[in-house]
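Visitor: I have not looked at this structure before. Could you walk me through it and explain the terms as we go?

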Amino acid sequence: MAEKNALLSMWHELDVPDGLHVELLDGELVMQANPGHLHDFPGRTFVRHTPEPFEAWSERGLLVADDYRPRADAVVLRSEDRPADDAEPDWPVQIVLAVVETVSTTRTAIKRDYEDKRERYAAVGVPIYVIVDPNDATWHVLELDGRCYVETGKGIFGQPLALPEPLGFSVPTTGWHPYPSR
């Protein structure tokens, strides 16, 4: 237990240089370069276009497990469920209605968003998982069916992203752009 607490303390107190992103995934601190503004557009769009009684927050740490605390690109929750204080920097996953992850460019990061996080979010019961992929300019809406996600919506950048109930609103994707070809 002391080892877990030490790792959590180190993670929360880590002075992360600008342009880097750190997550605690399966007991490891994973640091990667943030691809920049193209990566951030989807999360910002959710923050700006989520209507009441919901709200979206970007770069939120989620308490999935003691050794698994991803920093989601955006989360959507009911406004009334938002934690009242900042005593715990990571939000309990039970209050989250949807998680939005924007895929990065490396094979490891792509696998992490399409497979690893998908499995972990499903296992803890997050109802909706949205994957935004600037590599091919697509978005995917996945809904929890039992303990697995089923894709219920898919589109390309420029098409509105419709979220299922209980959310029931759409987010515009016209400002989203694919990563430049390498």
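Guide: Gladly. Let's start at Val126, which sits in the loop between helix H3 (107-123) and E7. Please keep in mind that this is a predicted model.

Visitor: Why is Val126 called buried?

Guide: Buried means under 20% relative accessible area. Val126 has 0% relative accessibility, so it counts as buried.

Visitor: What does Val126 touch, not counting residues up to four places away in sequence?

Guide: Its partners are Val93, Val96, Leu97, Ala98, Val99, Tyr121, Leu144 and Tyr149. As for Tyr149, its C-alpha atom is 9.6 Å from that of Val126, with their positions 23 residues apart along the chain.

Visitor: How is the chain as a whole built?

Guide: It has 3 helices and 11 strands, and their order along the sequence is α-β-β-α-β-β-β-β-α-β-β-β-β-β. Of its 182 residues, 42% are buried. The accessible surface is about 9,500 Å², and carbon and sulfur atoms account for 50% of it.

Visitor: What share of the contacts between residues at least 6 apart in sequence join residues at least 24 apart?

Guide: That share is 51%. For one pair of residues far apart in sequence, take Phe46 and Ser170: they are 124 residues apart in sequence, with their C-alpha atoms 9.5 Å apart in space.

Visitor: Where is Phe46, and what makes it buried?

Guide: Phe46 belongs to helix H2 (residues 37-49). Its relative accessibility is 0%, and therefore it counts as buried. Beyond four places in sequence, Phe46 touches Ala56, Ala74, Val76, Val100, Leu161, Leu163, Val171 and Trp176.

Visitor: Which residues touch the most other members of the largest nonpolar core?

Guide: They are Phe46, Val76, Val130, Leu161, Leu163, Leu167 and Trp176, in a core of 21 residues. Strand E3 (54-63), strand E4 (71-78), strand E6 (96-102), E7 and strand E8 (138-145) each give two or more residues to this core. A separate, second core has 19 residues, including Leu77, Trp91, Val93 and Val126.

Visitor: Why do nonpolar side chains end up buried together?

Guide: In soluble globular proteins, that is a general tendency of nonpolar side chains. Within this model, Val130 of the largest core touches Val99, Val100, Glu101, His140, Val141, Leu161 and Leu163, leaving out residues up to four places away in sequence.

Visitor: How do you know that Asp133 has no salt bridge?

Guide: A salt bridge needs a side-chain nitrogen of Lys or Arg within 4 Å of a carboxyl oxygen. For the buried Asp133, the nearest side chain of opposite charge is Lys154, 9.1 Å away, so there is no salt bridge.

Visitor: What does the side chain of Asp133 reach instead?

Guide: Asp133, in strand E7 (residues 128-133), makes a side-chain polar contact with the side chain of Tyr114 at 2.7 Å. The Asp133 side chain also reaches the backbone nitrogen of Asn135 at 2.8 Å. Apart from neighbours within four places, Asp133 is in contact with Val103, Tyr114, Thr138 and Phe157.

Visitor: What about Asp73: why is it said to have no salt bridge?

Guide: Asp73, in strand E4, is buried, and its nearest side chain of opposite charge, Lys117, is 6.0 Å away. The cut-off is 4 Å, so Lys117 does not form a salt bridge with Asp73. Beyond four places in sequence, residues touching Asp73 include His39, Gly43, Trp57 and Thr102.

Key:
Residues are numbered from 1 along each chain as its sequence is written. This is a predicted model: local features need pLDDT of at least 70, side-chain atom pairs count only at pLDDT 80 or more; totals for chains, interfaces and linings use all residues. Side-chain values use heavy atoms; hydrogens and water are left out. Helices (H or I, at least four residues) and strands (E, at least two) are DSSP runs, numbered from the N terminus. Buried means under 20% relative accessible area, exposed over 50%, partly exposed in between (1.4 Å probe, protein chains only). Contact means heavy atoms within 4.5 Å. Accessible areas come from the Shrake-Rupley method with a 1.4 Å probe; for residues, only the protein chains shown count as cover. Lys and Arg count as positive and Asp and Glu as negative; His and the chain ends are not counted. A polar contact is a pair of N or O atoms within 3.5 Å; within protein, one must be able to donate a hydrogen and the other to accept it, and residues adjacent in sequence count only if both atoms are side-chain atoms. A nonpolar core is a set of buried Ala, Val, Leu, Ile, Met, Phe, Trp, Tyr and Cys residues joined through side-chain atoms within 4.5 Å.
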